[in-house]
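Trainee: Could you take me through one part of this structure in detail? I would like to look closely at the largest nonpolar core and what lies around it.

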Amino acid sequence: MTLRHSYDGEVSRPNYSCAGSLVGWSTRLITGRSQVQVLPRALLHLVDGVFRGIVTRKEHEGSAFRLHQGNRMVVLSGSNSRLLAEQLAASLGWEHHQLETRRFPDSEGYIRIPSETIEAVRKEPVVLVSNTFPDAGIVETLLMLEAINDVRKGNMENLREIGPQNMDDVGPGILLAVPYFGYSRQDKRFKPGEAISARAIGHLLASRCDGIIVFDLHAPSVLEDLSVPVAFTSAMPELALHLQETVQPDFILSPDKGAIERASTVAKKINCEFSYLEKTRIDAHTIVHKAKDLDVDGKTVAIVDDMIATGGTICRAAEALRNQGAIAVHAACSHGLFTGGAIARLIRYVDGVHATGSLSNPRDVISGGPALARGVNELFERLEWSQ
């Protein structure tokens with residue numbers, strides 16, 4: 001990359017705003033991938049001087065930034081989890097900062113920590129909230145972790161020589177909160193030569209942070225051997241409260257035996273019965289759900305699962321429940337993928353669909369912030385960090 005010059009002799013610089021206001025900024029379209037900010041030469045030294053004044057400290061103050069009175073720790077987010085990051089920040093009483101993310105015309109991603117966020121990233125431990133779904137989320141998460149690591153280590157070198165090029169390493173302090181862990185269902189090897197994708201992605205993420213928080217992971221055991229501590233938390237307490245306030249179910253049902261633990265957690269919170277459907281595969285295309293010791297005649301039932309994708313399992317379970325006399329059926333989950341017209345399919349079988357905002361979806365009615373906050377607090381205790 002070379003330092004570009006505009007036609008009237010002004011030097012182009014990125015938008016590196018500092019405390020206070022700077023005058024004389026103008027926007028110019030420079031040939032290349034993006035629009036940049038242009039600052040007259042006369043103000044270049046002023047910008048760098050102001051920036052250095054913000055991000056440097058006297059030697060006797062130590063290597064780490066001090067937390068000023070009234071400042072708070074920060075939650076960071078990119079393009080795919082802003083709502084959950086805001087909910088987490090509200091649950092913790094922290095600040096939320098949005099990182100700069102965009103895509104070039106060739107679809108490659110671009111990540112940058114805004115200048116006004118750099119000090120916040122360095123002064124105290126931070127939590128990055130980011131999904132690893134879809135695939136672009138994996139790349140964005142890794143790039144954001146790389147940028148955060150560089151800033152905390154003081155690796156500030158840049159070709160335009162803006163601000164200090166090197167700073168003190170402030171040490172560990174990066175937690176990654178993943179509301180929906182993509183590839184979580186690829187947790188086993190069924191044939192020789194298959195990649196255990198969930199584990200591979202977990203190891204990649206663990207190499208760039210000091211701890212990971214996930215909630216309602218499909219198979220937690222796949223992340224148990226990572227090099228950093230992992231907090232497995234759940235949104236089931238919040239889901240139970242929501243159902244109690246809006247649906248008042250008489251019965252909680254798991255669509256299969258594998259999810260019975262989640263159903264029992266919700267049922268105990270609401271103080272109602274629970275059970276599961278037995279799933280029997282007839283052939284490659286046919287699955288039959290059979291009630292197991294079920295008494296739902298005249299009752300309102302909530303089907304609870306970790307995620308809903310196509311909704312096929314929920315629809316078959318709802319049909320079985322109505323055949324046994326259920327007067328109302330609701331579907332609730334932590335992760336609403338809702339692929340392939342799932343919502344349209346579901347509303348033909350159930351009376352309501354309820355999900356958290358771990359993924360952007362039209363049935364986001366349950367906050368995931370408290371669940372992530374419990375995970376953050378757990379890791380702070382395990383890592384012996386103070387808040």
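Mentor: Here is a walk through that core, followed by the elements and spaces around it.

Please keep in mind that this is a predicted model. As a frame, the protein chain has 10 helices and 18 strands, and of its 387 residues 50% count as buried. Among contacts between residues at least 6 apart in sequence, 61% join residues at least 24 apart. The chain exposes about 18,600 Å², with carbon and sulfur atoms supplying 49% of that area.

Now to the core itself. In soluble globular proteins, nonpolar side chains tend to be buried together. The largest nonpolar core here holds 36 residues, and the members that touch the most others are Leu 76, Ile 113, Ile 148, Phe 181 and Ile 212. At least two residues each come from strand 4 (74–77), helix 3 (115–123), strand 8 (126–129), helix 4, strand 9, helix 5 and strand 10. Helix 4 gives the largest share, 6 residues. A second, separate core has 24 residues, including Leu 253, Leu 277, Val 329 and Ala 331.

Leu 76 is a good place to start. Leaving aside neighbours within four places in sequence, Leu 76 is in contact with Ala 85, His 97, Leu 99, Thr 117, Val 121, Val 126, Val 127, Leu 128, Val 129 and Ile 148. The last of these, Ile 148, sits in helix 4 and is buried, with a relative accessible area of 0%. Not counting residues up to four places away in sequence, Ile 148 touches Leu 76, Ile 113, Val 121, Val 126, Leu 128 and Ile 174. Ile 148 and Arg 122 are 26 residues apart along the chain, and their C-alpha atoms are separated by 8.7 Å.

Arg 122 brings us to helix 3, which is mostly covered, with 8 of its 9 residues buried. Those buried residues are Ser 115, Thr 117, Ile 118, Glu 119, Ala 120, Val 121, Arg 122 and Lys 123. Thr 117 and Val 121 have already appeared among the contacts of Leu 76.

Helix 5 (residues 197–206) is worth viewing end-on. Its buried residues are Ser 197, Ala 198, Ile 201, Gly 202, Leu 205 and Ala 206. Down the axis of helix 5, these buried residues fall within an arc of 165 degrees, so they line one face of the helix. Their cover includes helix 4 (135–153), strand 9 (174–178) and strand 10 (211–215). Ala 198 also gives a link to Ala 219: the two are 21 residues apart in sequence, and 9.3 Å apart in space from C-alpha to C-alpha. Ala 219 lies in the loop between strand 10 and strand 11, and is buried at a relative accessible area of 10%.

The loops around these elements have some backbone details to check. A cis peptide bond, with omega about -5 degrees, joins Phe 133 and Pro 134, and Pro 134 is placed in the loop between strand 8 and helix 4. In the loop between helix 4 and strand 9 you will find Glu 161, whose phi is near 55 degrees, a positive value in a residue other than glycine. Glu 161 is exposed, at 56% relative accessible area. Tyr 183, in the loop between strand 9 and helix 5, also has a positive phi, near 75 degrees, and counts as partly exposed at 28% relative accessibility.

Finally, the empty space. A search of the whole structure finds 1 cavity of 30 Å³ or more, and the largest cavity has a volume of about 50 Å³. Lining the largest cavity are Val 178, Pro 179, Tyr 180, Phe 181, Ser 184, Val 214, Phe 215, Asp 216, Leu 217, His 218, Met 307 and His 335. Phe 181 is one of the core members named earlier. His 218 leads on to the second largest pocket, where His 218, Ala 259, Arg 262, Asp 305 and Asp 306 lie nearest the centre among 33 lining residues. That pocket holds about 910 Å³ of space. Strand 11 (230–233), helix 7 (260–270), strand 13 (273–283), strand 15 (300–308) and helix 8 (312–323) each supply at least two residues of the pocket's lining.

Note on methods:
Residues numbered from 1 in each chain as written. Predicted model: local features only at pLDDT ≥ 70, side-chain atom pairs only at ≥ 80, totals over all residues. Heavy atoms only, no water. Buried < 20%, exposed > 50% of the residue type's maximum accessible area, 1.4 Å probe, protein only. Helix = DSSP H or I, 4+ residues; strand = E, 2+ residues; numbered from the N terminus. Arc of directions from axis to C-beta. Contact = heavy atoms within 4.5 Å. Areas by Shrake-Rupley, 256 points an atom, 1.4 Å probe, with all protein chains shown as cover. Core = buried A, V, L, I, M, F, W, Y, C linked by side-chain atoms within 4.5 Å. 1 Å grid on protein atoms, 1.4 Å probe; cavity = no way out; pocket = protein on both sides within 12 Å on 5 of 7 lines; lining within 4 Å. Points joined across faces, edges and corners; volume = space filled by probe spheres on them.
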